[in-house]
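Reader: I should like to learn how to read a protein model step by step. May we begin with one side chain and then widen the view?

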Amino acid sequence: MRITMFRKLMAGEFGGVRAEMIARDHVLSSLGGRTADQALEAGIGAKEVWLAVCDAFEVPENRR
């Protein structure tokens, strides 16, 4: 998955502004205590980051 697709999925699920806030501010223990943005910058794959966000926010399987 590309980062652009990750951003599109985030915006579709949470809305544009909230998606940006979550990616920037919400620390995910499953990503080593990083935010989604930090994880992406550290080279963690966009799909892994997306799935971590989905787990944290209990996004239903059919929208992952």
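**Reading the model**

Author: Let us start with R63, which has a relative accessible area of 43% and is therefore partly exposed. Please keep in mind that the model is predicted.

Reader: Which side chain does R63 meet in a salt bridge?

Author: A salt bridge is recognised when a side-chain nitrogen of Lys or Arg lies within 4 Å of a carboxyl oxygen of Asp or Glu. Here the partner of R63 is E13, at 2.9 Å from N to O. This pair connects distant parts of the chain, since E13 belongs to helix 1 and R63 to the segment after helix 4, 50 residues apart. E13 has 22% relative accessibility and so counts as partly exposed.

Reader: How many salt bridges does the structure hold?

Author: There are five salt bridges. Among them is the bridge between R7 and D37, whose closest N and O atoms are 2.8 Å apart. It too links distant parts of the chain, with R7 in helix 1 and D37 in helix 3, 30 residues apart.

Reader: Why does D37 count as buried?

Author: Buried means under 20% relative accessible area. D37 counts as buried because its relative accessibility is 18%. R7, at 38%, counts as partly exposed.

Reader: Which residues are joined into one network by salt bridges that share partners?

Author: One bridge to consider is that of R64 with D55, at 2.6 Å from N to O. R64 is partly exposed, with a relative accessible area of 31%. Bridges with shared partners unite D55, E61 and R64 in one network.

Reader: In what order do the elements run from the N terminus?

Author: The protein has four helices and two strands, and their order is α-α-β-β-α-α.

Reader: Which residues of helix 4 are buried?

Author: Helix 4 spans residues 46-56, and its buried residues are A46, V49, W50, A52, V53 and C54. Their cover includes helix 1 (3-14), strand 1 (27-28) and helix 3 (36-41). After helix 4 comes E58, with a positive phi near 50 degrees.

Reader: What does the radius of gyration say about the whole protein?

Author: The radius is compared with the value for a compact globule of equal length. For 64 residues that value is near 11 Å, and the protein has 10 Å, so the two agree. The C-alpha trace spans about 25 × 20 × 20 Å along its principal axes. Of the 64 residues, 33% count as buried.

Conventions:
Residues numbered from 1 in each chain as written. Predicted model: local features only at pLDDT ≥ 70, side-chain atom pairs only at ≥ 80, totals over all residues. Heavy atoms only, no water. Rg over C-alpha atoms; globule rule 2.2 N^0.38 Å. Buried < 20%, exposed > 50% of the residue type's maximum accessible area, 1.4 Å probe, protein only. Contact = heavy atoms within 4.5 Å.
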